[in-house]
Amino acid sequence: MNHERSRTLYDRALSVIPGGVNSSVRAIQPYPFFVQRGDGAHVIDADGNRYVDYVMGYGPLLLGHSLPEPVQAAIQSTASDGPMYGAPTEIEVDLAEFVTRNVPSVEMVRFVNSGTEATVSAIRLARGYTGREKIVVISSGYHGAQPSTLVEGDADDPTPSTPGIPESFTQHTLPVPFNDEERLRAVLSEHGDDVAAVITEPILGNTGIVAPTDDYHQTLRELCDGIGALLIFDEVITGFRVGGLQCAQGKLGVMPDITTFGKIVGGGFPVGAIGGRTEIIEQFTPSGDVFQSGTFSGHPVTMAAGLATLEFVAENDVYDHVNALGGQLRSGIRDILADRAPEYTVVGTDSMFKTVFTRADSPVQAGDCTDGCRQDRSCPRFSECPKSGADVRRGETDRWERLFWPAMKDQGVFLTPNQFESQFVSYAHTEADIEDTLEAYKAFFE
Ligand code: PMP
């Protein structure tokens, strides 16, 4: 593959954009390819190379790159009326009604411009509503680029995970490992009266893909109720992807107090949202006292794209398609690994998938996990799956970046560039794309 033009563009970018990219994860070594355009489930780079795309914008593109006609028409007619107004428009109400009609725990919703903005606002809301200051977070969970959650270590010794966050801020954040009920109980019994909220992704999507074991979230729900803390589900990735229009909370049957959204709900345009019960969400200004505001919030083009996307999804076989292809991909990769690299693990559910380069205790047996695995302890394959971010980090994470990603890219398969971020199947992917992708996996592992 020729990458001359991407290399030249990267060289120019390095002089004017830090690291040459506008989001850190795009900084692939030795240089990223620059995208010219999308086409269905594919992207074409600046040198004309074509890739089957499983990054899908890191999750927003449930319908792929070529949007169905009604979605394109909604976007174009809204944009041609003028970009935005600073006054409310009907389409914000329409999208809010769609979300509240479909997501079980959400009665009211405030739109913002990114997943980060949604989690920042959700945490401020939880603190304002409860009058408490501490937040319990899951180690290796991700809630965007914000000081309350960019914290690592243990609840007994939290430290900033990046320069730029004062050590003193981290006193208010208590990290606990995912799927560790015992540690959670201990931390909540020590800090209970000070805890405003526990925030978690329902399924970890930024550190491999890690599913909750057994009734983990149900226990979380009960523990939060026991101490009067709010439960926040960060559904920025899982929202309108896992569990269909009801999101992961519908699939898990656990109702959070607050849900954060991003990605799909904006149909590929910048978006975030904070939803929940009316009595909580109404605490945002101007109906309540917890300050929340934004010039671009509820942007008409984003609202139009999000609503048209979700209406198309509601009226077509989108989830059947993406979940079926997701299942084919996971079981196909599992079969390939069973013979060639049985120590690796295929994880994911619905249209999310990832291969984790773990050296698990017991080798993977050929065959299928129950799709939509809940990591039930009675499952014969239970011990193979990562249970926490730490399990994923113990894998051969370098192997992904140095060998696997470049080799797959050279075969025309665009995966997320490191071991941690999830990958996604879209409505535009076809069985032929899945077959080509499995051939590429086979070639690599041979
Ligand atoms: N929460 C989760 C679960 C995410 O995966 C992300 C981003 N991938 C965010 C929050 C932050 O969203 P954004 O990048 O739109 O700010």
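Below, a biologist questions a modeller about this predicted structure.

Biologist: What kind of model is this, and how are residues numbered?
Modeller: The model is predicted; local features need pLDDT of at least 70, side-chain atom pairs count only at pLDDT 80 or more, and totals for chains, interfaces and linings use all residues. Residues are numbered from 1 along each chain as its sequence is written.

Biologist: Which helix gives the most residues to the shell around the ligand?
Modeller: The ligand is surrounded by 15 residues, where near means a C-beta atom, placed from the backbone, within 6 Å. The closest are Ser114, Gly115, Thr116, Gly144 and Val236. Helices (H or I, at least four residues) and strands (E, at least two) are DSSP runs, numbered from the N terminus. With 3 residues, the top contributor is helix H4, residues 115–130.

Biologist: How many residues of the shell are nonpolar, polar and charged?
Modeller: Ala, Val, Leu, Ile, Met, Phe, Trp, Tyr, Cys and Pro count as nonpolar; Asp, Glu, Lys and Arg count as charged; the others, Gly among them, are polar. On that basis the shell holds 4 nonpolar, 9 polar and 2 charged residues.

Biologist: Is glycine 115 buried or exposed?
Modeller: Glycine 115 is found in helix H4. Buried means 20 or more other C-beta atoms within 10 Å of a residue's own, exposed means 12 or fewer, and partly exposed lies in between, with C-beta atoms placed from the backbone. Glycine 115 has 31 C-beta neighbours inside 10 Å, so it counts as buried.

Biologist: Why is strand E10 largely enclosed by the rest of the structure?
Modeller: Leu230, Ile232 and Asp234 point one way from E10, and Leu231 and Phe233 the other way. Strand E10 spans residues 230–234, and it is largely enclosed because 5 of its 5 residues are buried.

Biologist: What is the handedness of the crossover from E9 to E10?
Modeller: Strands pair if DSSP finds at least two bridges between them. Strand E9 (residues 195–200) runs parallel to E10, joined by 4 bridges. The chain passes from E9 through helix H6 (residues 216–227) to E10 in a β-α-β crossover. Right-handed means that, with the strands pointing away from the viewer, the path from the first strand over the helix to the second runs clockwise, and this crossover is right-handed.

Biologist: Which residue in E11 stands opposite phenylalanine 233?
Modeller: E10 pairs with strand E11 (residues 258–262) in the parallel sense, over 3 bridges. Opposite phenylalanine 233 in E11 stands threonine 259.

Biologist: Where does the largest nonpolar core lie?
Modeller: A nonpolar core is a set of buried Ala, Val, Leu, Ile, Met, Phe, Trp, Tyr and Cys residues joined through C-beta atoms within 7 Å. The largest has 119 residues, of which Ala126, Ala197, Leu230, Ile232 and Ala273 touch the most other members. Helix H9 (residues 300–315) gives the most to this core, with 9 residues. Domain bounds come from an automatic or database domain assignment; both domains give residues, so the core lies between domain 1 (4–66 + 318–445) and domain 2 (69–315).

Biologist: How far apart in space are phenylalanine 312 and valine 71?
Modeller: Phenylalanine 312 lies in helix H9. It is buried, with 20 other C-beta atoms within 10 Å. Phenylalanine 312 and valine 71 are 241 residues apart in sequence, yet C-alpha to C-alpha their distance in space is 7.6 Å.

Biologist: Which strands stand at the edges of the open sheet?
Modeller: The sheet has 4 strands in the order E1-E2-E3-E15, with mixed pairing. Each edge strand has a single partner, so one side of each is left without a neighbour in the sheet; these are strand E1 (35–39) and strand E15 (413–414).
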